[in-house]
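Please walk through this fold with the sequence and the model side by side. The paragraphs below take the cysteines, the sheets, the aromatic groups and the backbone in turn.

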Amino acid sequence: ARTEDIAKFGQFYLNRGRWNGRQLISPEWVKLATSAQIDNSMRTEPDWKVGYGFQFWRCRHNAYRGDGAFGQYCVVMPDQDAVVAITSGVRNMQQVLDLVWEHLLRAMKDSALPSDPSAQSQLLQTIGKLALPTIPGGISSAVESQVAGRKFRFSENPLQMESVSLSWGNAQCRMQIERGGSSATITADFAKWATQIHDGEPVAACYAWTEPNTCKILIWHTDTPFSRTYTFRFSDQGVSLSVQQNVAFGPTTFGPFESSAG
């Protein structure tokens, strides 16, 4: 579901079950589903203690929402005749709602704002520049010639990585991973994102040398909230690999896994 699709779903409920002139579900059901049916006042987070309906959370400010793990939101605000849809990958979900109330809700008025072409132009320019940051660092290192193409094997580990080999060239890093008897390659660009399909999913990857002996590869799974950062620290003995995931239901840090070159 794209962010736009989530917004449409919220608009459908804001319209009390009506879409394109057709009443698809009853207004009575919408009212029941989005009202407090279960007491959750024992919770500590302000927007998780206002009541729970039928798969909808009640919020402060007489709003309600559907939400999913790690920051997926469909916030419906009947008093303001507004819907806010957010997709993200964060650990502190309450903080996201705090920002909605602090900035968006505070800026909403009962009547239309006067036209402001200058502010609209500035907004479009700002939106046009929004991007996930790449890894800061250098494009190459003297270590490359010593380790490029060498296969580093790992003992049994939670990520089921059997071996990894890296190569660099033309402002790209190629990481070949063997896992479960199969091999896959991810291409990462320097200072920009290389988009591709990996294990059947769209991903975007970048890399940088953050120290003379340390190369980092950041991979975003762009249809999901998840990203992983692979940190390779090379030495005369081999490589130490650590993997950091931004969010997860379980562990987010793996390694370091030690390996000598094969």
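**Cysteines without a bond**

Cys 173 has a relative accessible area of 0% and is therefore buried. This is a predicted model, and the values that follow are computed from it. A disulfide is a covalent bond between the sulfur atoms of two cysteines. With a cut-off of 2.5 Å between the sulfur atoms, the structure contains zero disulfides. Cys 173 takes part in none, its nearest cysteine sulfur being that of Cys 215, 4.6 Å away. What is the distance from the sulfur of Cys 206 to the closest cysteine sulfur? That closest sulfur is again in Cys 215, at 10 Å, which is too far for a bond. Cys 206 is also buried, with a relative accessible area of 0%.

**The four-stranded sheet and its helices**

Strands of a sheet pair through backbone hydrogen bonds, either parallel or antiparallel. In the open sheet made of four strands, the order is β3-β4-β5-β6 and the pairing is antiparallel. Strands β3 (57–58) and β6 (82–86) each have a single partner strand and stand at the edges, so one side of each has no neighbour in the sheet. At the β3 edge, two bridges join β3 to the antiparallel strand β4, residues 64–68. Within this pair, Trp 57 is found opposite Arg 65 of β4.

Two helices can be placed against these strands. Helix α3, residues 93–107, packs on the sheet and touches β4, β5 and β6. The direction of α3 makes about 35° with that of β5. Helix α1, residues 3–14, lies across β4, β5 (72–77) and β6. Relative to β6, α1 runs at about 150°.

The loop between β5 and β6 holds Asp 81. Is Asp 81 buried or exposed? Its relative accessible area is 59%, so Asp 81 is exposed. Although Asp 81 and Met 108 are 27 residues apart along the chain, their C-alpha atoms are separated by 9.9 Å.

**Aromatic groups and their surroundings**

Over the whole structure, a search finds 17 aromatic pairs. One of them is formed by Phe 232 and Phe 234, which are stacked, with 6.3 Å centre to centre and 10° between the planes. Both Phe 232 and Phe 234 are buried.

Elsewhere, Phe 9, Phe 12, Tyr 13, Phe 56 and Tyr 64 make up one aromatic cluster. Members of this cluster also appear among the contacts of Thr 34, a residue in the loop between α2 (27–33) and β3. Leaving aside residues up to four places away in sequence, Thr 34 touches Tyr 13, Phe 56, Arg 58 and Tyr 64. The relative accessibility of Thr 34 is 7%, so this loop residue counts as buried.

Arg 65, already met opposite Trp 57 in the β3 and β4 pair, also lies over the face of Trp 48. The distance to the ring centre of Trp 48 is 4.2 Å.

**A hairpin**

Further along the chain, strand β11 (residues 194–198) is joined by five bridges to strand β12 (residues 201–211), and the two run antiparallel. Across this pairing, Ile 197 stands opposite Pro 202 in β12. Which residues of β11 are on its covered face, and which on its uncovered one? Ala 194, Gln 196 and His 198 belong to the covered face, while Thr 195 and Ile 197 belong to the uncovered one. Together β11 and β12 form a hairpin, with two residues between the strands. In the turn, Asp 199 has a positive phi of about 55°.

**Backbone exceptions**

Most residues other than glycine have a negative phi, and most peptide bonds are trans. Asp 199 departs from this through its positive phi, and two glutamines can be added. Gln 55, in the loop between α2 and β3, has a positive phi near 70°. Gln 55 has a relative accessible area of 63% and is therefore exposed. For Gln 160, in the loop between β7 (152–153) and β8 (161–169), phi is positive and near 60°. The relative accessibility of Gln 160 is 56%, so Gln 160 counts as exposed.

The peptide bond between Gly 255 and Pro 256 is cis, with omega at about 10°. Pro 256 lies in strand β16, residues 253–259.

Definitions and conventions. Residues are numbered from 1 along each chain as its sequence is written. This is a predicted model: local features need pLDDT of at least 70, side-chain atom pairs count only at pLDDT 80 or more; totals for chains, interfaces and linings use all residues. Side-chain values use heavy atoms; hydrogens and water are left out. Buried means under 20% relative accessible area, exposed over 50%, partly exposed in between (1.4 Å probe, protein chains only). Two strands pair if DSSP finds at least two bridges between them. Contact means heavy atoms within 4.5 Å. Axes are lines fitted to C-alpha atoms, for helices over the stretch in contact, and angles run from 0 to 180 degrees between N-to-C directions. Rings of Phe, Tyr and Trp (its six-membered ring) pair if their centres lie within 6.5 Å; planes under 30 degrees apart count as stacked, over 60 as edge-to-face and the rest as tilted. A charge sits over a ring if NZ of Lys or CZ of Arg is within 6 Å of the ring centre and within 35 degrees of the ring normal.
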